[in-house]
Amino acid sequence: MIIQRYDNSRKEEVRDVVLGVLKEHGFEPDRLKDADLNDINGYYFGSGGSFFVGIIDGKVVGTAGVRKLSGNRCEIRRIYLKKAFRNKGNGKQLFRTALDFAEKNCSGVFLKTDSTLTKAIDMYLKHGFTFKKEETGYLYFEKMF
């Protein structure tokens, strides 16, 4: 898999990947929660963050976003990978790309995930994240640099 910085020519592919993975896990699109997909440049790059796409055979198969927050902290978001490309190290590669960006540009990073996504949770813990709290089915993790 090749990981590249997002550009607007990939907007529809990114939406398809993200919304497809959400649907696969039983989540419906949410106009508010998914608003970042309408303006990836503004939401991620506009704050000093970044957004990455994983490409195989010229097609987007995965995503990873880093949004800068106040206090030189950031949030890792949108770690999504199409089902056919999982369990091959691709998800870890996308996550590491986002985490590397965060380590170079922020003093700390947090993320949240659904409590049912146990593989993702295991990966976060293995990469030094600390569990902070659970709130309405979401788990919150943090890592300081």
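The legends below describe close-up views of a predicted model.

**View 1. The chain and its annotated domain.** In the UniProt record, an unreviewed entry, the annotation "domain: N-acetyltransferase" covers residues 1–145. Over residues 1–145, helix makes up 30% of the chain and strand 34%. The C-alpha atoms at the two ends are 28 Å apart.

**View 2. The open sheet of seven strands.** Pairing in this sheet is mixed, and the strand order is β1-β2-β3-β4-β5-β7-β6. At the edges stand β1 (2–5) and β6 (130–135), each of which pairs on one side only. Direction ignored, neighbouring strands are turned against each other by 25 degrees on average.

**View 3. The pairing of β2 with β3.** Strand β2, residues 50–56, runs antiparallel to β3, and seven bridges join the two. Within this pairing, F51 stands opposite G65 of β3.

**View 4. Two helices lying across the strands.** Helix α1, residues 11–24, lies across β2, β3 and β4. The angle between α1 and β3 is about 90 degrees. Helix α4 lies across β4, β5 and β7, and runs at about 160 degrees to β5.

**View 5. The largest nonpolar core.** This core has 23 residues, of which I76, F95, V109, L111, Y124, F129 and F141 touch the most other members. Each of the following supplies at least two residues of the core: the strands β3 (59–68), β4 (73–81), β5 (108–114) and β7 (138–144), and the helices α3 (90–105) and α4 (118–126). The largest share, six residues, comes from α3. Another core, of 15 residues, lies apart from this one and has Y6, V14, L22 and I55 among its members. In soluble globular proteins, nonpolar side chains tend to be buried together.

**View 6. The surroundings of V109.** Residues up to four places away in sequence are left out of this view's contact list. The contacts of V109 include the core members I76, F129 and F141. V109 also touches C74, E75, L99, A102, E142, K143 and F145.

**View 7. R78, a buried arginine in strand β4.** R78 counts as buried because its relative accessibility is 7%, under the 20% cut-off. Residues up to four places away in sequence are again not counted among its contacts. R78 touches V18 and L22, and both of these positions fall within helix α1 (residues 11–24). The contacts of R78 also include K33, D34, D36, L37 and Y44. R78 further touches F51 and G65, the two residues that stand opposite each other in View 3. T63 and A64 complete the contacts of R78.

Note on methods: Residues numbered from 1 in each chain as written. Predicted model: local features only at pLDDT ≥ 70, side-chain atom pairs only at ≥ 80, totals over all residues. Heavy atoms only, no water. Core = buried A, V, L, I, M, F, W, Y, C linked by side-chain atoms within 4.5 Å. Buried < 20%, exposed > 50% of the residue type's maximum accessible area, 1.4 Å probe, protein only. Helix = DSSP H or I, 4+ residues; strand = E, 2+ residues; numbered from the N terminus. Contact = heavy atoms within 4.5 Å. UniProt positions renumbered as here; feature names shortened; annotations may be inferred. Pairing = 2+ DSSP bridges. Axes fitted to C-alpha atoms, helices over the stretch in contact; angles between N-to-C directions.
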